[in-house]
Amino acid sequence: MGAGNFGDQVRIASRDEYGKVASAFNSMSMQLKRREELRRCLLAGVAHELRTPLTILQGKLDYLQQGGGLIEPERLLPLQDELIRLTRLVGDLHELSQAEAGKLSYEFKETDIRDVLERTVDRLLPGAEEKGIGIRLVNKAVRTHLTADPNRISQVFLNLLVNAIHYTPSGGSVDVLLQERRNQADEPVLTVEVRDNGPGIGPEHLPHLFDRFYRTDEARSRNSGGTGLGLAIAKEFVLAHRGEIRAQKSPGAGSAFIVTLPFDFGKLPPS
Ligand code: ADP
């Protein structure tokens with residue numbers, strides 16, 4: 001294992017202390033193997049995602065150069081688009097890797113989630129209206145204050161709402177529903193549900209949506225500028241709040257993303 005052969009297993013010949021040590025060794029070896037596989041997958045994913053915009057940039061630059069003569073500024077616009085996409089991808093990757101490594105700092109404080117949602121919706125309204133999509137915020141909770149990092153949690157709602165607007169065709173609608181509930185452990189929680197009446201998400205995709213780079217329709221999403229990292233980042237931020245995030249088919253058609261945040265976060269022991 002010291003030479004990097006993770007996953008090697010030793011034979012467990014007894015049930016005494018030697019057997020326990022051997023079994024602990026085997027499980028450690030498997031965990032190291034899984035981590036190594038994850039690291040390789042991430043590296044392959046990053047290389048793959050970076051290659052596409054770089055190839056496009058190179059192709060376009062070659063084409064412009066071969067044309068000779070002066071280049072009109074508007075012919076540089078597609079290059080700028082690719083650069084913006086690349087910068088966004090690298091920025092998202094940086095944020096996600098920091099979050100996964102537990103290196104992001106959070107400023108937890110008493111936060112009115114309704115207030116955060118109102119501001120996030122206001123920010124997106126002009127763009128949504130331009131696309132002919134209505135956004136409605138429905139608050140059914142009496143208590144909407146809890147301990148959270150307002151910036152990070154607003155980023156979560158922003159990612160969900162941007163997706164909802166993006167994947168919903170013109171004329172559609174997006175609802176944001178705020179409710180007080182109890183989770184499986186019977187603890188009081190606040191749920192934020194972002195529902196749209198877009199095309200929805202097939203059940204086969206639901207378990208993978210929060211994986212890095214996962215897209216249900218790769219070509220379409222890549223062309224329209226998604227990095228496939230928005231939901232992975234949202235998940236990390238929600239987990240840091242000891243909350244949960246999941247997706248399901250919305251009661252109408254379309255998709256529903258549900259974020260659950262514990263009211264007692266401030267009182268829970270540190271993890
Ligand atoms: P992207 O930047 O591609 O949107 P995300 O991580 O935010 O990446 O989302 C991952 C994938 O989940 C998207 O590419 C899309 O296929 C799917 N998805 C996310 N939100 C919705 C939605 N509201 N309706 C339909 N599909 C969605």
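How many nonpolar, polar and charged residues does the lining of the second largest pocket have? The last view below gives the count by class.

**View 1. The whole chain, a predicted model.** Residues are numbered from 1 along each chain as its sequence is written. In this predicted model, local features need pLDDT of at least 70 and side-chain atom pairs count only at pLDDT 80 or more, while totals for chains, interfaces and linings use all residues, and side-chain values use heavy atoms, with hydrogens and water left out. The protein chain has 6 helices and 7 strands (DSSP runs numbered from the N terminus: H or I of at least four residues for helices, E of at least two for strands). Starting at the N terminus, the order reads α-α-β-α-β-β-α-β-β-α-α-β-β.

**View 2. Confidence along the chain.** The average pLDDT (the predictor's confidence in each residue, from 0 to 100) is 90, and 94% of the residues score at least 70. Strand β4 (residues 173–182) has the highest mean at 97, and helix α5 (residues 218–223) the lowest at 51. Where pLDDT is low, don't read the predicted coordinates in detail.

**View 3. The shell around the ligand.** There are 18 residues around the ligand, and Asn 163, Asp 196, Thr 216, Thr 227 and Leu 231 come nearest (near means a heavy atom within 4 Å). Helix α4 gives the most to this shell, with 3 residues. By class, the shell has 8 nonpolar, 8 polar and 2 charged residues.

**View 4. Polar contacts to the ligand.** For a polar contact, look for a pair of N or O atoms within 3.5 Å; within protein, one must be able to donate a hydrogen and the other to accept it, and residues adjacent in sequence count only if both atoms are side-chain atoms. Asn 163 puts a polar side-chain atom 2.8 Å from a ligand oxygen. For Tyr 167, a side-chain N or O atom sits 3.1 Å from an oxygen atom of the ligand. Leu 231 uses a backbone N or O atom instead, 2.9 Å from a ligand oxygen.

**View 5. The lining of the second largest pocket.** Its 13 lining residues include Leu 38, Glu 100, Phe 210, Asp 211 and Arg 212, which lie nearest the centre. Pockets come from a 1 Å grid over the protein atoms alone: an open set of points where a 1.4 Å probe fits, with protein on both sides within 12 Å along at least five of seven lines, and lining residues have an atom within 4 Å of a point. The elements giving two or more residues to the lining are α1 (17–67) and α6. The lining splits into 7 nonpolar, 1 polar and 5 charged residues (nonpolar: Ala, Val, Leu, Ile, Met, Phe, Trp, Tyr, Cys and Pro; charged: Asp, Glu, Lys and Arg; polar: the others, Gly among them).
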